[in-house]
Each structure stands twice: as C-alpha cells, then as structure tokens.
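User: I would like to know what the terms used for this model rest on. Please take them one at a time.

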Amino acid sequence: MKILMVSSEAAPFAKAGGLGDAVSALCRALAQAGHDVRLLLPRYYFISRKDLGTEAAPLGLPFPSGEVWTAIYKGQLPASKVPVYFLEHEGYFGRDGIYGTKAEPDFADNSERFALLSRAAFQLCRALDWYPDILHSHDWPTALVPVYHRHLERSGSFARTASVFTIHNLGYQGSYPSGRFPALGLPWELFSAAGFDRGGSINLLAAGLLAADFLTTVSPTYAREIQTPEYGAGLDSILRHRSSSLIGILNGVDGSEWDPGKDPCIPKPFDSKDLSGKALAKAALQRSFGLPEDPSIPLVGMVTRLTEQKGIGELFGPLHGSAWRMCNEIALQFAVVGSGEAWCEDELRSLAACLPNFKARIGYDNDLAHLLIAGSDFLLMPSHYEPCGLTQLYALRYGTLPIVRRTGGLADTVENYDEGSGSGTGFMFDVLTPGSVFDTTGWAIWAWYNKPQHIRLMRDRAMNCEFSWDRSAVEYGKLYEMALSHIRGK
Ligand code: ADP
Ligand code: GLC
C-alpha cells in the first residue's frame with residue numbers, strides 16, 4: 001500500500017515526547033513490511049542542514065487568500081529507506097521550537113502553521129504524481145489532514161484514498177480563537193458543520209475526529225477510556241459516536257534505538273542472561289548524578305515531561321507531594337530527568353538541594369535518558385492518564401521494573417506483582433493520590449529488600465516481554481485494508 005504519514009514530530013528530526021518516537025518507528029516497521037511509506041514533516045529551523053537533501057523544490061499551496069509559496073526538501077529516515085519530505089516556510093517554521101518556546105509555549109499562529117503542513121500533504125502528492133491509498137496523520141497538529149480530505153479533496157485524485165487519524169494524546173486539542181478560522185482555508189459554514197466549534201473557539205482535534213475515515217489510538221485500554229467522561233477531555237461524546245471506527249493498537253519498542261544489547265549510551269551492553277552491564281550502568285548513573293555509588297540501595301528513576309498528565313502534582317506538589325516523604329522515610333535513591341512546567345522544575349531543584357538521596361537533571365537529554373532507564377532498578381510513572389507510554393516499555397526491556405498507575409497503555413503493558421508466586425513485571429495502583437504513590441513505591445522497595453529472588457524473576461520476565469513494532473505494523477496494515485474496502489465499497 002502507498003501510505004503518506006503526516007506529522008509534526010518524527011525522531012530524530014523533531015521530538016517533544018513519545019509522538020516523535022512512535023511515528024518514526026511505525027514508518028520503519030510499515031516499510032519493512034513492504035509498504036511504500038513516505039513522511040511529511042515541517043522543516044523546523046533546528047533541523048540540521050545535513051538531514052535535508054540539497055535540492056528544494058517549490059510548492060505552491062492554494063488558500064482562498066492566495067497561493068502560499070513553500071519549498072520541499074527530500075531527506076531519508078535513518079535506518080530505513082523511507083523518504084522524508086520537509087516543508088519549508090520561513091515565516092511559519094523558521095523559528096525555534098516545535099509548538100512554542102519557554103516564553104510562548106503555544107505559538108499564537110499554530111493553527112495556521114499546521115494548516116499549512118496539512119494542506120501541503122495534498123499538493124505534495126500532486127507534485128510527485130503519487131497518490132496514497134492511506135493518508136495517516138497524528139494528533140491535533142495534523143488533524144486538518146482528514147478535514148481537508150473529507151471537505152475539499154474527496155473527489156478527483158484522492159477519491160480512492162482513505163484517511164486514518166491516530167490519537168496519541170487527547171489532552172492536547174489545538175484550541176484557537178475563532179477569528180483565526182478563515183486562515184485555515186475552509187468556508188465559514190464548516191466552522192460548526194465540520195465540528196470545529198467548541199464553545200466558540202476552533203478545536204482542531206474535534207474536527208479531525210469527526211472527519212477521519214478511521215480512528216486509532218495507542219492502546220486498547222485508552223481506546224475504551226476516552227469514550228468515558230472521565231478520560232474523554234470533553235470529546236467523549238464524539239468518540240462514542242465514532243466508536244465503531246475506533247481501535248486501539250499498542251505501540252512497540254524501536255530496537256534500533258532502545259536495545260540494552262547494543263546501546264551506545266551505556267558502559268557495557270547487557271541482556272537477561274548477564275546483567276553485569278546493568279550493574280555498571282547503575283554505578284555510572286549514580287556517579288553522573290552525584291549519588292553514593294552503592295549497588296545495594298534501590299534506585300528509582302523517572303524520565304518525563306513535567307506536566308500534570310504525568311502525576312507531578314501528587315509527586316512533587318510543594319505542599320502535599322509524596323517525593324519528599326519517600327526520600328526521607330524509604331531507603332532508596334531517586335533520580336529524575338525531566339523538563340516542563342516551571343513550578344515543578346523549581347521544586348525538583350529545591351528537593352535536590354535538601355535531600356542527599358534525590359537528584360534531578362532539568363532539561364531534555366537523550367543520552368542521559370538511556371543511562372537512567374538502563375541504570376535504575378525501578379521506573380516511576382504515576383500518570384493520571386497514559387495513552388500508551390513508551391518509557392515503561394523501554395524500562396521493561398532494560399530490566400527496570402515499572403511502578404505505575406493502572407491506566408491506558410500502562411494497564412496493557414505492565415503485569416502487577418504477586419507476592420505469593422513472584423509473578424508480574426511491575427507494581428501497580430488504581431487511584432492516584434500522594435499516598436498511593438508512596439505506598440506502591442514502598443511496596444516495590446520492600447520486595448527489593450525482602451524478595452530478591454522475585455525481583456530477579458520479574459526482571460527476567462520484563463526483559464523477555466515482546467513489544468514489537470512489527471506486530472503493530474501488521475495491525476495497522478489490517479486496519480488500512482479495512483479502511484480501503486470501506487471507502488472503495490468492496
Ligand atoms: P509522552 O509522549 O507522553 O511524553 P512516552 O512515555 O510515550 O510519554 O514518551 C516519552 C519519550 O520522551 C520517551 O522516549 C522518553 O525517553 C522521552 N523523554 C521524555 N522526557 C525526556 C527528557 N527530559 N530527556 C530525554 N528524553 C525524554
Ligand atoms: C503521547 C502519549 C504517550 C504515548 C505517545 C506515543 O505523547 O502521552 O502515552 O506513548 O504519545 O504514542
């Protein structure tokens with residue numbers, strides 16, 4: 001099948017979180033399965049010149065206010081033959097940041113920036129004279145792809161194309177003042193008819209959810225959860241309405257990036273049969289964070305965006321968070337790599353200044369993330385909601401046992417510890433409170449000290465879990481087939 005992926009992120013070119021990992025890995029796995037996959041990304045200012053092909057071809061995009069001129073560079077996704085088309089537009093993408101900067105976290109013109117990207121998908125295909133069977137886009141930034149398809153491009157060259165839209169996170173919806181609607185290049189009547197209008201503002205995600213032929217999300221449990229008011233972020237009624245066209249397909253682990261057997265960021269490779277490399281990674285991690293180098297003390301790690309979603313309030317909230325108590329009352333070490341909300345970054349710095357067993361590195365650091373996941377004994381992920389979660393999958397692969405809330409993809413990928421038999425791959429709780437995070441971490445540390453043979457068994461089991469993108473690609477392939485028969489009336 002011919003598949004055009006349209007995304008605002010794809011690692012290693014542009015990544016703010018798991019979306020970037022997931023899109024690139026899915027492209028590789030689909031190409032590996034024999035599909036003709038191509039990827040369209042913005043040419044952000046920070047993307048290195050060496051990643052772009054030399055020749056830029058001009059591409060004019062039709063907007064009612066006039067043609068907008070852009071250029072396309074052609075590069076390649078590493079470790080694959082997938083062509084990557086980079087959309088260049090100095091005014092919209094020639095600046096720092098994917099969605100914004102520290103000073104302006106959500107650029108005021110994001111609806112126009114990503115409308116440009118979404119519109120470009122169609123013109124690019126025309127320029128290439130290559131028409132995809134599947135147009136697959138991801139999250140609010142490319143939610144306009146299925147909207148343009150349904151309302152502007154359903155006849156003609158894209159009549160036999162089906163649109164698939166993947167929800168990686170319902171918490172971000174692309175909400176902008178209605179005054180910006182005309183710049184999207186759609187007639188006014190579509191503001192409410194196509195479902196953009198949420199309380200008088202534009203909601204890009206809502207319109208995308210209504211327009212796409214098929215919807216997916218990144219775990220079966222999250223697919224069910226988002227149809228309830230508790231997890232639906234205000235869009236649950238749309239998702240219930242689209243229920244028969246919505247499925248959950250679990251993400252995987254990209255072995256070209258995350259493999260303890262050949263990870264250049266750790267001192268020595270390891271596998272489930274020989275964990276000596278994991279012990280060296282723990283020592284390197286303790287040294288790098290300035291923690292006492294001691295193999296016998298359990299090390300709890302976190303690699304995370306510091307946002308509400310990830311349970312940072314319950315963990316680090318200055319008045320009630322459980323991290324302070326955990327570090328004071330439990331014999332453990334705690335190391336965090338993260339960036340995000342300013343109050344939380346400040347709180348991490350102040351905890352690190354008072355607690356000898358707590359260390360934090362503020363910022364985005366891929367190499368350190370690898371070392372932390374490899375060298376920790378436990379990975380803490382007390383998310384309010386988690387569409388899939390990749391960090392816990394990486395942790396499992398590296399024999400680092402996740403401590404998680406039973407929600408979304410965490411519920412689908414971690415198996416709870418059973419004290420009697422020693423079965424399980426992690427430690428789980430249901431209701432997120434500072435107390436439950438404290439208790440469950442305490443439980444894991446109790447097992448570390450009192451049931452070392454269980455910890456060894458759990459590690460072995462975790463490292464042998466199979467979360468492959470090949471299996472996900474097969475499921476996407478089946479969905480694409482179904483979408484095509486639906487569209488083509490077979
Ligand atoms: P989300 O996409 O919601 O942030 P995931 O667990 O799916 O959560 O993916 C997070 C990805 O981002 C992982 O690859 C993780 O290693 C990476 N990551 C998050 N924060 C940082 C950080 N501060 N430094 C390096 N990598 C990070
Ligand atoms: C989102 C979700 C995360 C998921 C990732 C990739 O950022 O928060 O749970 O793993 O997308 O699909």
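Analyst: A polar contact is a pair of N or O atoms within 3.5 Å; within protein, one must be able to donate a hydrogen and the other to accept it, and residues adjacent in sequence count only if both atoms are side-chain atoms. This is a predicted model, in which local features need pLDDT of at least 70 and side-chain atom pairs count only at pLDDT 80 or more, while totals for chains, interfaces and linings use all residues. Residues are numbered from 1 along each chain, chains are lettered from A and ligands numbered from 1 in the order written, and side-chain values use heavy atoms, without hydrogens and water.

User: What makes the pair between ligand 2 and Gly389 a polar contact?

Analyst: An oxygen atom of ligand 2 is 2.8 Å from a polar backbone atom of Gly389, and the limit is 3.5 Å. The backbone of Cys388 also qualifies, with a polar atom 3.0 Å from an oxygen of ligand 2. From Gln309 the partner is a polar side-chain atom, 3.2 Å from a ligand 2 oxygen. The protein covers 94% of the 310 Å² of accessible area that ligand 2 has on its own (Shrake-Rupley method, 1.4 Å probe).

User: Which residues are closest to ligand 2, and what makes a residue count as near?

Analyst: A residue is near if one of its heavy atoms lies within 4 Å of the molecule. By that rule 14 residues surround ligand 2, the closest being His168, Asn251, Glu386, Cys388 and Gly389.

User: Why is ligand 2 said to lie between domain 1 and domain 2?

Analyst: Both domain 1 (2-252 + 469-488) and domain 2 (276-463) give residues to its shell, so ligand 2 lies between them. The bounds come from an automatic or database domain assignment.

User: What do the two domains give to the shell around ligand 1?

Analyst: Each of domain 1 and domain 2 supplies at least three residues. Of the 22 residues around ligand 1, Gly18, Asp21, Arg305, Lys310 and Thr391 come nearest. Side-chain N or O atoms lie close to ligand 1 oxygens at 2.6 Å for Thr391 and 2.8 Å for Lys310. For Lys15, a polar side-chain atom is 3.0 Å from an oxygen of ligand 1.

User: How do you know that the chain is predicted with confidence, and what is its mean pLDDT?

Analyst: pLDDT is the predictor's confidence in each residue, from 0 to 100. The protein chain has a mean of 97, and 100% of its residues reach 70 or more.
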